[in-house]
Amino acid sequence: MILLSQLLRYELIDRSGRRAVPVDFTIDLGADHPPVTGLLWRRAREATRFLPWEAVDSLDRDRQRFVVADLSGDDTPVEESTDRRVLLRRDVLDALVIDLSARRAMRANDLMLEAEGGALRLAAVDASAWAVLRRLSRGVVGHDADEPSDWSYVEFLRGDPQAPTCGVDYNRRITRLPPGEIARLMEALPYLEAAELVTLLPDALAADTLEVMSPQRQLQVFEELDETVAIRLVALMAPDAVADLVGHLRAEMAERYLGLLPPECRERVVDLLRYPEDTVGGIMTNDVVVVPPSATIGQAVDIIRGQVATPDLVYYVYVVEDLASRELRGMITLRTLLLAEVDQRVADVMDPYLVTLHPLTPAREAAQRVVDSQLFALPVVGADGRLLGAVTVDAAVLQVAPESWRKDVPRVFA
Amino acid sequence: MTTTHPTGMEPVAPATQPPRPPELRRISPGIRINIRGRSVRLRGLRRTPSGPLRWLAILGPGIIAGSAGNDAGGIATYSQAGAKFGYDMLWVIVLITLSLAVVQEMSARLGAATGRGLLDLIRERFGIGWSLFAVGIVLVANGVLIVGEFIGIGAAVELLGISRYVVIPGAAVVLWYLVVKGSYARVEKVFLLMALGFLAYPVSAILAHPQWGAVARGAVVPTIHFSSAYILLFVGLLGTTITPYQQIFQQSAVVDKGVARRHYGEERIDTYVGMVLSDLMSAFMIIATAATLHVVGKTNIGSAADAAQALEPVAGRFAAALFAVGLLGASLLAGAVLPLATAFSVSEVFGFPKGVNLDFRRGKFFLSLFTVFVILGAVLAMIPGLPVIQALVWIQVLNGILLPVILVFILLLVNDRRLMGDLRNTRLYNVLGWGTLTLVSVAITIMISTQLLGAVGVHVLGG
């Protein structure tokens, strides 16, 4: 293992004895242990130039130098500060990177590289305080890292939300974490990095992650997303989550995004947005599973099978007169449905005694009723008897929980 | 279906009317928007506040960062300036307001453009060496300020007749406990309310019937006294009004508020309003002290009791009590926030876990740093026979001396094209920013050289 801080003190020497110093290294981040693809070098008071790794003959660790073919410096200089490539010293060293095994953000205090064959690969990150001491003392003080973080479990972000759509390489191991865990990690990142992370996730995971983020973070990240990406993700989110998000956008933005949504998704979201956010209508979901009372249990199972793919609430199946009027008749749980005889009618096994909520009841009051009812959800019914949706216990708990529980991270600067 | 069921429990039947809420509150008219040619009224959309409300919604970090300048050290420095030179230093406040607004705006812009804190950015852009240097500067600047806050606490309670040797350790323990146990946010409002006692300064300034003509002249015409006391106070005024801590705080607060680059434009108003209000307050402190103390020939403030006399026009014999309450509130507020913010931004540099919700095992570094700051601040503030006002002024002078370092970092970062994109500094801002840096550096150079010459017995300037 060689440390980047050591490599930067190495020397370059070519076959005819010309000397120079390495300034930085370019890297191809696509692999688990990404290979160094070239180095930037400079001779005293000259412009910085690029040398592809193929031109490096050998790495002489005893004499601390790179032996290279030719340092005549005839090629065009590179502008180090504006170079678009990922550079080890400029970009990765000292950056905040995500450690997937410890599931936290950490500082890359030093980088550990491995020379094998002719290649030099980025192997691990040293995030310990020793690395800081070692760098400051130029290797005199400090010992090797006790537990360096293997680079294959490190995700490096550039702070550019558009980067993942431009064919830039990432580790992408983070996509194996559950959405809640990704959202938690994201709270520790600056907002541009968080938006970049959402962009590099597969759509379904990105949509789930967006759903569970804190509202402020969600809005911040959403506004940084590319418009086509944003629309794609929103179409995959639950309608109540989309309504909460769109409800926080400025009116012009909301109008624009609603117009771009797929029609079916748009209908559901617009229906929810008709109600103020502090009423039952503002916290309910309108993605519920329904069956007609006249159906037999066998038919009902077929009917709901086509509906249960997307809703969060599938355990309660609401019985409505017909799909056009959606007049609520009762409710049947998935358990009852599975235990009933196939030729029984839904109307005979359903529970016709329901506590219902009015969409304009204040949200907190209704939420308390949902929590008190010990049920998973209460249906919301309009003045005309029409089933509008349901308030789930999840949504209700968020309303009645004390402020301090809702944000588990206390704000220092509040 | 009978009447035996309670309301809302009837079997749902075609004729059943669902229970309506007993009384509907007035429901917002909502916003009418046009989606694909269809007009819908949506009550779930947030209405963008208009008129005065719109401005109120934007205000926040700037106001707090601005008022952070009016802490114990600020009051001491402004009082001393007013007592010693009357209205002659008002023009400095006017000049500083412009500089302060420019500097704070750049900090806020850095925060919005990157979503990162200042020390964090220094670490990523300039590497470990420079970032440790910056951390050192911040530790010293904030460390002495924390001492200043505890001195303020001590001075306030002595005015009320309580021994500072009892209250300072007590305050340190209570502040430490409140912050570590996470219940600080609840008592913060009490401190804020107490600090509002200083709103008595503008009232006092008006009731003291200053000669407004002289005030106006002092604010517009630069009057320079060639004395070392003047140049010392000049640097002190710079140091207390434009504090490194304020820039770091402003940037973190903007990040914490979640201001994104595309909404940054209107946030500028917040910064400008905050800075103007804060400096208006500073100016009133100078005017009140000048109109009550300077005019009667009392030109040196030696203790908090002297400074409190500036509130006599409004509070009469309760001036000392009012001053003490205000000072105590302001000092307690800053006494908790300063160590916290310092520990926060330093932990960020090293990538250590940070936040008040950590236990000692996980947040070892963060909580140790916080604890050390509180203990150090309290212990140093209890040095027997400490000349309160002089100590506070010197703390501000030291902050003034360290300010240029932080300013250089801010100016370099805010001009970084890769970092800032289209929010990069314009030429006007660069002129004003580097101008401020030059002004501060020249003032410090003059001050240090006069002090050094004075120390070896050469007096270039008068007393």
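Guide: pLDDT is the predictor's confidence in each residue, on a scale from 0 to 100, and the structure above is a predicted model.

Visitor: What pLDDT does chain B average?
Guide: In chain B, 86% of the residues score at least 70. Residues 1–8 of chain B, however, have a pLDDT below 50, and beyond near neighbours in sequence this stretch has 8 contacts in the model. Taken over the chain, the average pLDDT is 83.

Visitor: Which element of chain B has the highest mean pLDDT?
Guide: Among the elements of chain B, the lowest mean pLDDT, 65, belongs to helix 1, residues 52–58. At the other end, with a mean of 92, stands the element formed by residues 90–114 of chain B, which is helix 4.

Visitor: How are helix 10 and helix 17 of chain B oriented to each other, roughly parallel or roughly perpendicular?
Guide: The axes of helix 10 (residues 228–241) and helix 17 (residues 388–414) of chain B come within 7 Å and cross at roughly 70 degrees. Since angles from 65 to 115 degrees count as roughly perpendicular, the crossing makes helix 10 of chain B, relative to helix 17 of chain B, roughly perpendicular.

Visitor: How many charged residues does the contact of helix 10 with helix 17 of chain B have?
Guide: From helix 10 of chain B, the residues that meet helix 17 include B:Leu232, B:Val235 and B:Gly236, and among their counterparts in helix 17 of chain B are B:Val393, B:Gln396 and B:Asn399. By class, this contact of helix 10 with helix 17 of chain B has 6 nonpolar and 6 polar residues, and the number of charged residues is none.

Visitor: Which strands of chain A stand at the edges of the open sheet ordered 14-15-16?
Guide: This sheet of chain A has 3 strands with mixed pairing, and its neighbouring strands are turned by 35 degrees against each other on average, direction ignored. Within it, strand 15 (residues 316–320) and strand 16 of chain A pair in the antiparallel sense over 5 bridges, with A:Tyr316 opposite A:Thr333 in strand 16. Each edge strand has a single partner strand, so one side of each is left without a neighbour in the sheet, and these edge strands of chain A are strand 14 (289–291) and strand 16 (328–333).

Visitor: Which residue in strand 12 of chain A stands opposite A:Ala124?
Guide: In chain A, 4 strands form an open sheet in the order 1-10-11-12, with antiparallel pairing, and its edge strands are strand 1 (2–3) and strand 12 (149–150). Strand 11 (residues 119–126) of chain A is joined to strand 12 of chain A by 2 bridges. Opposite A:Ala124, in strand 12 of chain A, stands A:Asp150.

Technical notes
Residues numbered from 1 in each chain as written. Chains lettered and ligands numbered in written order. Predicted model: local features only at pLDDT ≥ 70, side-chain atom pairs only at ≥ 80, totals over all residues. Pairing = 2+ DSSP bridges. Axes fitted to C-alpha atoms, helices over the stretch in contact; angles between N-to-C directions. Parallel < 35°, antiparallel > 145°, perpendicular 65-115°, else oblique. Contact = placed C-beta atoms within 7 Å. Nonpolar A, V, L, I, M, F, W, Y, C, P; charged D, E, K, R; others polar.
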